[in-house]
Amino acid sequence: MAADPRIGIIGCDTSHVTAFTEVLNNPEAKGHIPGGKVVAAYKGGSPDLPSSMERIDSYCQTLREKYGVKFYDSVEALCSNVDVVLLESVDGRPHLAQVKPVLKAGKPVFVDKPMAASLRDTIEMFRLAQAANVPIFSSSGLRFSKANQALRQGSIGKVTYAETYGPCELEPHHPDLFWYGVHGVEALFTVMGPGCETVQRSTTTNGAIEVTGTWSDGRKGVFRADKSFHGLARGEKGEAPAGTFDGYQPLVEAIMKFFQTGVAPVQPEETVEIIAFMEAADLSKAQGGAPVKLKDVIKQNGGPL
């Protein structure tokens, strides 16, 4: 990879595009991350998604006027003028179609949340990337908070129980947790690690979404919808805060390291498990809260990898 890779953005309908570009392109920005620059973008957008259409023009204007980003009419044209790609479309549905020309062009790609609007598309994206031998990863920024990383690295020993909380706005084109609950679920898996076997969905006493996962060794992890990101983990050496958010900078740092090394900080199998957890939560809801096995959900959607 070039010392300072040219970065291209696909999909300009999320605040991430301006936030990421600011810390990458502006040397005076708080938390500036050197080593790459956003130089190109493909507008994208989803006409049936108000949150996409209401913001996309202003974000494009900012990219063009403040940062001098050049816009291209197709993903293929963008890929011809960049070294690496940030797939930022706020809507997970077009991600599979949008990533195909990126992989064909051999460009390392970060896929922002949600990786896709279905588990099947997620598995297919990883399969295509593996076949093309192109580095790819997807993650929420919560994975890289100091608290979550410390727990992942054993600060309280093996985590035996964790609960994470976060907003869970629903969007009708996506399974319930995919749209925003994904952040809290990613934090839960960061703390617990992979190995979840069954998922049950219920509600809290005040009617909020509650999803409980049981891991292969009997450990339990719970995600609950709430107004803010927070949580708690218990382990062999005590307990500690979990599920916190430290802003975008740690995520962008991880992305830039990924672009430089080609090594994903999150294994595809763990991301598939996270998506399967969220899809299984919908299946559990439809079955009145019955436990759903993740291996069955993954198999029904073309997996495992």
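In which loop is the place of Asn 133? Select this residue in the predicted model, in which local features need pLDDT of at least 70 and side-chain atom pairs count only at pLDDT 80 or more, while totals for chains, interfaces and linings use all residues. Numbering runs from 1 along each chain as its sequence is written, and side-chain values use heavy atoms, with hydrogens and water left out.

Asn 133 sits in the loop between α6 and β6 (136-138), where helices (H or I, at least four residues) and strands (E, at least two) are DSSP runs numbered from the N terminus. Although Asn 133 is not a glycine, its phi is positive, about 55°, and with 70% relative accessibility it counts as exposed (over 50% relative accessible area, against under 20% for buried and partly exposed in between, with a 1.4 Å probe and protein chains only).

Next, select Pro 114, in the loop between β5 (109-111) and α6 (119-132), where the peptide bond from Lys 113 is cis, with omega near -20°. A second stop is Pro 304, in the segment after α11 (294-300), joined to Gly 303 by a cis peptide bond with omega near 0°.

Then turn to the largest nonpolar core (buried Ala, Val, Leu, Ile, Met, Phe, Trp, Tyr and Cys residues joined through side-chain atoms within 4.5 Å), which has 58 residues, with Val 109, Leu 177 and Phe 277 touching the most other members. Helix α10 (residues 268-286) gives this core its largest share, eight residues.

Finally, centre on Val 109, whose contacts (heavy atoms within 4.5 Å) include Val 85, Leu 103, Ile 136 and Phe 258, when residues up to four places away in sequence are not counted.
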